[in-house]
Amino acid sequence: MSWLHPSGGLVYHLRAWRHGKGLWRPFHDQVRQWLSRWRPAESHLVLVGPSGGYALDLAFLSRFDRVTALEPDGLARFILSRRFPGLGIRFNSDFQVARPQGFTRLAQAYPDAAFLFCNLLGQQLVGQRADFQRRAWLGDMAGDLAGRTWASWHDLASAHRAPDGRDCLRLEKSEPLEDVLGHFWQGGELAIHDHEVGGLVPALPREYALWQLRPGQYHLVEWLASTPDGGEELAFVLRLPKVLSGKCR
């Protein structure tokens, strides 16, 4: 049942209520730092799969004249509108991105907007077909959204073993998943769930952070941002050494 789906629905909202000010807070602080440095030129922002907007803040959303949320979960829409009552967020509950040519249709439907994928790309979504080819779908993303401004944070891998290090990681471009995991988990064996997002737009700079979803469950989350002309922030990141650890600010 969709309202019990762990990627959205009631289960997720209950976890947010329980852990939002505790276990989730360090990761949400990191997301807000990423968003504070993401400066689209567009005045229209489309949030793709924002759920209740638990990692979003008013300072970021207020930079835009218009905010649209593509969110199928009715409870999430209610929570999001209650969290940001003055923004007049417009909702579209029917648009489906996770389908063949979904990114093309997204670009066509909102020709004036910047897109923020809110931990969507690595999720098993409600109603998603069992034969859905995630890697093929993601492989079309860069081309389908060429010339458009977008950013995404998404689950890359998850594990039950506690990490050995939690410093944020920056890379100039995509690196093998095992190398990225090795920054956070050193030595021994590590059983992971691969969320099948590794290598997304491999030439882009990227950052990583850890999210403790609940006790005994840890998610490695990747952040990417793309602008039509490369943008000032991409130029800054590209001047960094190959690997930097510490707080990604």
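Which residue in S9 is the bridge partner of Tyr208? In the predicted model described here, that partner is Glu222, and the pairing belongs to a set of 7 bridges through which strands S8 and S9 are joined in an antiparallel arrangement. The two strands form a hairpin with 2 residues between them, and in the turn Gly216 adopts a positive phi of about 85 degrees. S9 is also joined to S5, again antiparallel, by 9 bridges, and here Trp153 has Trp223 of S9 as its bridge partner.

The surroundings of S9 were examined further. In a regular strand, side chains alternate between the two faces of the sheet. In S9, Gln217, His219, Val221, Trp223 and Ala225 point one way, whereas Tyr218, Leu220, Glu222, Leu224 and Ser226 point the other way, and all of these residues are buried. Because 10 of the 10 residues of this strand (residues 217-226) are buried, S9 is largely enclosed by the rest of the structure.

For the protein chain as a whole, 9 helices and 10 strands are found, and buried residues account for 49% of its 249 residues. Of the contacts between residues at least 6 apart in sequence, 71% join residues that are at least 24 apart. The accessible surface of the chain comes to about 12200 Å², and 52% of this area belongs to carbon and sulfur atoms.

Two nonpolar cores are described. The largest contains 38 residues, and those with the most contacts inside it are Phe103, Phe115, Phe117, Leu121 and Trp150. Strand S5 (residues 150-159) gives the most to this core, contributing 4 residues. A second, separate core consists of 33 residues, among them Ala16, Leu45, Leu80 and Ala225. When residues up to four places away in sequence are not counted, Phe115 touches Trp38, Val46, Leu106, Ala107, Tyr110, Leu145, Arg148, Thr149, Trp150 and Ala151.

Helices H5 and H1 were considered with respect to their buried faces. In H5 (residues 102-109), the buried residues are Gly102, Phe103, Leu106 and Ala107; these cover an arc of only 135 degrees around the axis, which puts them on the same side of H5. The buried residues of H5 pack against three strands, S1 (44-48), S2 (66-70) and S4 (113-118), and against helices H6 (134-139) and H7 (141-144). In helix H1 (residues 9-19), the buried residues are Gly9, Tyr12, His13, Arg15, Ala16 and His19. Seen down the helix axis, the buried residues of H1 fall within an arc of 155 degrees, so they line one face of the helix. The exposed residues Trp17 and Arg18 are carried on the face of H1 turned away from its buried side. Packing partners of the buried residues of H1 are helix H2 (25-37), helix H4 (74-83) and strand S8 (206-214).

The structure holds 8 salt bridges, including the three pairs described below. The side chains of Arg32 and Asp29 meet in one of them, with an N to O distance of 3.8 Å; the two residues are 3 apart in helix H2 and are therefore separated by about one helical turn. Both members of this pair are partly exposed, Arg32 having a relative accessible area of 24% and Asp29 a relative accessibility of 33%. In a further salt bridge, the closest N and O atoms of Glu207 and Arg37 are 3.1 Å apart. Since Glu207 lies in strand S8 and Arg37 in helix H2, this pair ties together parts that are 170 residues apart in sequence. Glu207 is buried, with a relative accessible area of 2%, and Arg37, at 18% relative accessibility, also counts as buried, the cut-off for this class being under 20%.

The side chains of Arg135 and Asp194 likewise meet in a salt bridge, at 3.6 Å from N to O. This pair links distant parts of the chain, with Arg135 in helix H6 and Asp194 in strand S7 (residues 192-194), 59 residues apart. Arg135 is partly exposed, with a relative accessible area of 44%, and Asp194 counts as partly exposed at 32% relative accessibility. Finally, salt bridges that share partners join Arg37, Arg170 and Glu207 into one network.

Terms used: Residues numbered from 1 in each chain as written. Predicted model: local features only at pLDDT ≥ 70, side-chain atom pairs only at ≥ 80, totals over all residues. Heavy atoms only, no water. Buried < 20%, exposed > 50% of the residue type's maximum accessible area, 1.4 Å probe, protein only. Arc of directions from axis to C-beta. Contact = heavy atoms within 4.5 Å. Areas by Shrake-Rupley, 256 points an atom, 1.4 Å probe, with all protein chains shown as cover. Core = buried A, V, L, I, M, F, W, Y, C linked by side-chain atoms within 4.5 Å. Salt bridge = Lys/Arg side-chain N within 4 Å of Asp/Glu carboxyl O. Pairing = 2+ DSSP bridges.
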